[in-house]
Protein chains: 2
Amino acid sequence: MKSPSHPRDRGIPEATVARLPLYLRALHGMAERGIATVSSEDLATAAGVNSAKLRKDLSHLGSYGTRGVGYDVEYLVYQISRELGLTQDWAVAIVGVGNLGRALANYGGFVSRGFHVAAMFDADPDVVGDTIAGLNVEHIDALEAVIKRRGVSIVVLATPAAAAQEVCDRVVAAGVTSILNFAPVVLSVPGSVDVRKVDLSIELQILAFHEQRKAGGPLMAVDTQ
Amino acid sequence: MKSPSHPRDRGIPEATVARLPLYLRALHGMAERGIATVSSEDLATAAGVNSAKLRKDLSHLGSYGTRGVGYDVEYLVYQISRELGLTQDWAVAIVGVGNLGRALANYGGFVSRGFHVAAMFDADPDVVGDTIAGLNVEHIDALEAVIKRRGVSIVVLATPAAAAQEVCDRVVAAGVTSILNFAPVVLSVPGSVDVRKVDLSIELQILAFHEQRKAGGPLMAVDTQ
DNA sequence: ATCCCTTTGTGAACCGATGCACAAAGTAGG
DNA sequence: CCTACTTTGTGCATCGGTTCACAAAGGGAT
C-alpha cells in the first residue's frame, strides 16, 4: 500500500452491502426521471435511510461524490452495480415449481438487472415439461448436469421443507456456492457456501409481536405478576 | 411489582425477537418427535445459532430452564408463543392477487400457527370474484369496509410497486398498524406503523456480491491499485 | 483572487449485539 | 449429607454499526 488514502479497503461492511441495492434502486428511478446529480440528503430520503449513513456507506466504495454538488447519478449507478457484481449477468436456477416457484419465475423485478432464470426443476412428473415464464421445467434428476451446462451459480430453493436439505446438498456438490432459501428449515452447508434465507412466517411473527405490544400497550399488564 | 426479580423486563432486544420464531420452529419439530426436554446446546444447534446467544435470548423472557437439565419443550413452546402473540389468531389480509399473492395465500407455513388469511383484494375486475385457497377475492374498493368488518390487523402488500404506496395509505387510514411489504418500494408511513420488507431482488444482489468476491477471490485484484 | 455557500468524507462518541467464561443452581449416586 | 457432574443464567470484554458534528473541498459570484 503506497498511497496514503485507502479508499476501496476490500472490506465492505455487511450492513452496507445490504443497503447498496436500495440505493441502486433509488438511483435507477432518478436516472429514468432524468436527474443527473443528487445530494446525499435527497438520495438518503429516497432510499429511506439517514444521510450520514448513506455517505459512510458510499465512502466504502471510494470517493465518488463532489463536495458542494453531490453525486453523479449515472456514475454512481455504475460504481454500485460493479461493486455488487451486476455488470455481469448471473444465471439463476429455481428448484421447486410450486406456487412460490412459479411466482418467482414470473416476478419481473427478479429477472431485472444482472440476473436471468436459466433453469427450473421439480420432482413431480406432472409438472416436468411444463413451460413457465418461457422456460421448460426439467426433472430434478438432471439437476447437476443442467447446472453445469448452463453455468448456474445461484440457486433459489422453493421446495417443501422436507426436500430442502437434500436438494441443497446436491447443488452444493455440483459446485454452487450461493443459495437463496425459501424453505422453512435451517440448511447445513460448508462454510464456503453462502445461504440467505427468506422466511415469510418469521416476518409475520415479528409483526405479531409488535402488534401485540401496541394493542396491549401499557395497559395490558394482565399476567405480568 | 413486588417480586425482587424482574424477569420480563418489557424490553426484549429486536435481535432476540427476530430469533424467537426460529427457536419456536425447532421446538415444534422436537415436540412432534416426542422430545420432552432439551438443552441449550441442542436447541441452539437445531436453530443454527450459538448456545450462549440462545440462553441469553431466552433469559430475556424469564428463567424457564432448569440448571443441570435443560428446558421443557412444551413449556418453552408456550412461553415463546405467548411472547410473540401467537396465542391469539391474527387476521391477515393480502392485497394484490398476482402470482405472488396467490403463492402467499396457498403457502401452508403462512397460515400455520397464529395466523389466518381473512381477506384478499385486487383491483383487476377479472380477478375479483375468483376463489383462491377457499377465499373470495374482493374488489379493492371494499378494502376499508372489509378490513374493519373482519378485524384485520396485519396486511400483506403484494401489489405492483406503483400501487403500493396508495394502498398502504389506505390501509393505514383504516387503522392497520402492521404491514408486510413485498413491493420493491420504500413505503412512507407514520411512526406508529410497523413495516417489514421482503425484497427478493435485494437478496439476490447480496448473494451476487459475495459470489463475485469468491469468484474473483484473492486473485482478482485488477483495479485495486 | 477572495469570500460565501453547499455538501462531502470521516474522526470520535455511542449503542446494541455477540461470545467467552464462570459462578450459581440444579440432578444423581453413594 | 456430601461429592461429582451437568447445564443454566449472566457479568464483562469486544465488536460492528449508527449517529453526530465538523473540517476539508469544491462551486459560484463579485
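Visitor: What makes the 7 strands of chain B an open sheet, and in which order do they stand?

Guide: In this predicted model, the strands of chain B follow the order β6-β7-β5-β4-β8-β9-β10, with mixed pairing. The strands β6 (131-132) and β10 (194-197) of chain B stand at the edges and have a single partner strand each, so one side of each is left without a neighbour in the sheet.

Visitor: How do you know that β8 and β9 of chain B are paired?

Guide: Two strands count as paired if at least two bridges are found between them. Strand β8 (residues 154-157) and strand β9 (residues 178-181) of chain B are joined by 3 bridges and run parallel, so the criterion is met. Within this pair, V156(B) has L180(B) of β9(B) opposite.

Visitor: What makes β8 of chain A a partner of β4(A), and what of β9(A)?

Guide: The requirement is again at least two bridges. Between strand β4 (residues 90-95) of chain A and β8(A) there are 4 bridges in the parallel sense, while β8(A) and strand β9 (residues 178-181) of chain A pair, also in the parallel sense, over 3 bridges; both pairings therefore satisfy the definition. V156(A) takes part in both, being the bridge partner of I94(A) and standing opposite L180(A) in β9(A).

Visitor: Which way do the residues of β8(A) point, and are they buried or exposed?

Guide: From strand β8 (residues 154-157) of chain A, I154(A) and V156(A) point one way, whereas V155(A) and L157(A) point the other way, and all are buried. To be called buried, a residue must have 20 or more other C-beta atoms within 10 Å of its own, so each of these residues reaches that count.

Visitor: Which strands of chain B does helix α9 of chain A lie across?

Guide: Helix α9 (residues 200-216) of chain A lies across β4 (90-95), β5 (115-122), β8, β9 and β10 of chain B, and it runs at about 160 degrees to β9(B).

Visitor: What makes a residue count as near DNA strand C, and which come nearest?

Guide: The C-beta atom, placed from the backbone, has to lie within 6 Å of the strand. There are 27 residues around DNA strand C, and G65(A), G68(A), P13(B), R67(B) and G68(B) come nearest. The residues of this surface divide into 9 nonpolar, 10 polar and 8 charged, and α3(A) gives the most, with 5 residues.

Visitor: How far apart are the centres of the domains of chain A?

Guide: Chain A is divided into domain 1 (14-83) and domain 2 (90-202), and 31 Å separate their centres, taken over C-alpha atoms.

Definitions and conventions: Residues are numbered from 1 along each chain as its sequence is written. Chains are lettered from A and ligands numbered from 1 in the order in which they are written. This is a predicted model: local features need pLDDT of at least 70, side-chain atom pairs count only at pLDDT 80 or more; totals for chains, interfaces and linings use all residues. Helices (H or I, at least four residues) and strands (E, at least two) are DSSP runs, numbered from the N terminus. Ala, Val, Leu, Ile, Met, Phe, Trp, Tyr, Cys and Pro count as nonpolar, Asp, Glu, Lys and Arg as charged, and the others, Gly among them, as polar. Domain bounds come from an automatic or database domain assignment. Two residues are in contact if their C-beta atoms, placed from the backbone, lie within 7 Å. Axes are lines fitted to C-alpha atoms, for helices over the stretch in contact, and angles run from 0 to 180 degrees between N-to-C directions. A residue is buried if 20 or more other C-beta atoms lie within 10 Å of its own, exposed if 12 or fewer, and partly exposed in between; C-beta atoms are placed from the backbone.
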